[in-house]
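User: I would like to learn how to read a ligand site and the charged pairs of a protein model. Could we go through them step by step?

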Amino acid sequence: MSKSEIGLIGLGTMGAMLSLNIAEKGFAISVFNRTSSRTSEFHAQAGVLADRITPCDSLEALVASIAEPRAIILMVPAGAPVDEQIAALRPLLGKDDLIIDAGNANFRDTETRAAKAEADGVPFLGIGVSGGEEGARHGPSIMGGGRKQAWDQVGHILTAISADYEGTSCTTWMGQGGSGHFVKAVHNGIEYADMQMIAEVYGIMRDGQGADAATCAETFKAWNAGPLKSYLVEISGEVSAATDADTGSAVLDIILDRAGQKGTGRWTVIEAQHLGAPIPVIEAAVAARNLSAMKTERERGEATFGAAPVALKSDALSVGELEQALIAGKIMCYAQGFHLLNAASTEFGWDLPMPEVARVWREGCIIRSTMLNDMAEALTAAPQDNLMFAPFFAKLVEDNMPALRKVVATAISHGLQVPALAAGLGYYDAMRTGRSTANMIQAQRDFFGAHSFERTDKDGAHHGPWGA
Ligand code: 6PG
């Protein structure tokens, strides 16, 4: 019997979909799941693709069924299960056999695993895969990290299964170690922020303008035909339009306002703090998710202080201004995300291919949007520069920022929450303030801790007259 070209462990939703995708692209694949009934069930449901899939009921059988040098994808929950799986698998493998962690790993874990693999002289890759179930099945965006040689062993398979943007595959090797998983984490941080800003604008329409879900659906659909064209705006239109079969109400109206999270957005914020890279829009989005979880406290607050949102006058904000605010907020968010990537690239010596990051996000992933193509072009011209200074985006910022300011000011004065949009506006204002108020911070630091300060008129470290 001929051997498989690749193996996959973990037939949860993502693993199963990825396996079918690999088989569909013509590669023979062996699969294994801890619960073997799941493996047989998966194989039985694979239809015409079943011939290219070898179900295995043990790790030994899996290893024996794959051609050497082997490549095995792990699609198991992030964290300890990955280490346990590697520990169980590695002793069965040869020196040249490659393990690929394709889960949503914390890049620090990937760095540790890559360093261990390096020390043991065995290949290892950590790849970020985005696109949810649909993407995994028909074409995800893939952000690879690890040794280039290891990437080259499987690059053709990953390229074949990934999404395609006008003939270009949305898969790239980002750099060494945990770089692929770091890029995926930033993708997720941006995902949180994009979602939050859409939710904030939805809140203005629902609570400020009294729009029903169907009206919001129409607005999102219209926006999806313009500069905001993106997967997240598109699905916002779809979820707003959906009706609940049991009650006849809009589905959106019966969904509890408590958002879950697996923590990848939080990782982005934590790493940004380590790197001293400001990403306030993403930070606000993560904080908003945390606040959403505090449902009981929020209800207590409403009973104590009265409800926050107050209706807007009918002509207070136009649909066009809301759209423009979202455009401006989005640019601020991505400028921060790419700045964070640049900071990490320098700190960890990854040499991240910035335009490529934007390119692999154009299709397949959750944050895919038309604007990412313009970002790829801007980053090709100036990979290290803040995106807001790229001529194309500087013009967009100038055109749309007045609307963001008006939307934020109006929302805040009516108790409507717009923390991520406001953070975008705050970032913009900070970034165009040549002389900030940090002179006061420096004076305070010097006063209580003799930390010294720089002067505007002389070089060197100085102290104020308040010293002993
Ligand atoms: C993707 C998504 C996917 C996902 C995560 C994060 O790129 O396909 O980002 O990885 O939705 O599970 O979701 P939460 O942190 O919101 O749970």
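User: From which domains does the shell around the ligand draw at least three residues each?

Analyst: Bear in mind that this is a predicted model. The domain assignment of the protein gives domain 1 (6-177), domain 2 (185-431) and domain 3 (438-467), and the shell around the ligand takes at least three residues from each of domain 1 and domain 2. As for domain 3, its C-alpha centre lies 38 Å from that of domain 2.

User: Which residues are closest to the ligand, and which helix gives the largest share of the shell?

Analyst: The ligand is surrounded by 15 residues, of which S130, E191, Y192, K262 and R289 are the closest. Helix 8 (residues 179-208) contributes five residues, the largest share of the shell. By character, the shell divides into nine polar, four charged and two nonpolar residues.

User: Which polar side-chain atoms lie 2.9 Å from an oxygen atom of the ligand, and how much of the ligand does the protein bury?

Analyst: For the distance you name, the residue is K184, with a polar side-chain atom 2.9 Å from a ligand oxygen. An N or O atom in the side chain of N104 is 2.8 Å from an oxygen atom of the ligand, and for N188 the corresponding distance is 3.0 Å. The ligand taken alone exposes 410 Å², and the protein buries 82% of that.

User: How many salt bridges does the structure hold, and how should I read one within a helix?

Analyst: The general idea is that side chains of opposite charge can pair when their charged atoms come close. The structure holds 22 salt bridges, among them the one between D120 and K116, with an N to O distance of 2.6 Å. These two residues are four apart in helix 5 (residues 107-120), so about one helical turn separates them. D120 is partly exposed at 34% relative accessibility, whereas K116 counts as exposed at 52%. K395 and D399 also form a salt bridge, their closest N and O atoms being 2.8 Å apart, and because they are four residues apart in helix 18, they too are separated by about one helical turn.

User: Which distant parts of the chain does the pair of D257 and R298 link?

Analyst: D257 and R298 form a salt bridge whose closest N and O atoms are 3.0 Å apart. The pair links the loop between helix 11 (251-254) and helix 12 (264-275), where D257 sits, with helix 14 (residues 295-305), which holds R298, across 41 residues. D257 is partly exposed, with a relative accessible area of 37%, and R298 is partly exposed at 31%. Both residues belong to a network of salt bridges that links D257, K295, R298 and E299.

Technical notes
Residues numbered from 1 in each chain as written. Predicted model: local features only at pLDDT ≥ 70, side-chain atom pairs only at ≥ 80, totals over all residues. Heavy atoms only, no water. Near = heavy atom within 4 Å. Polar contact = N/O pair within 3.5 Å; in protein donor to acceptor, adjacent residues only side chain to side chain. Areas by Shrake-Rupley, 256 points an atom, 1.4 Å probe, with all protein chains shown as cover. Nonpolar A, V, L, I, M, F, W, Y, C, P; charged D, E, K, R; others polar. Domains from an automatic or database assignment. Salt bridge = Lys/Arg side-chain N within 4 Å of Asp/Glu carboxyl O. Buried < 20%, exposed > 50% of the residue type's maximum accessible area, 1.4 Å probe, protein only.
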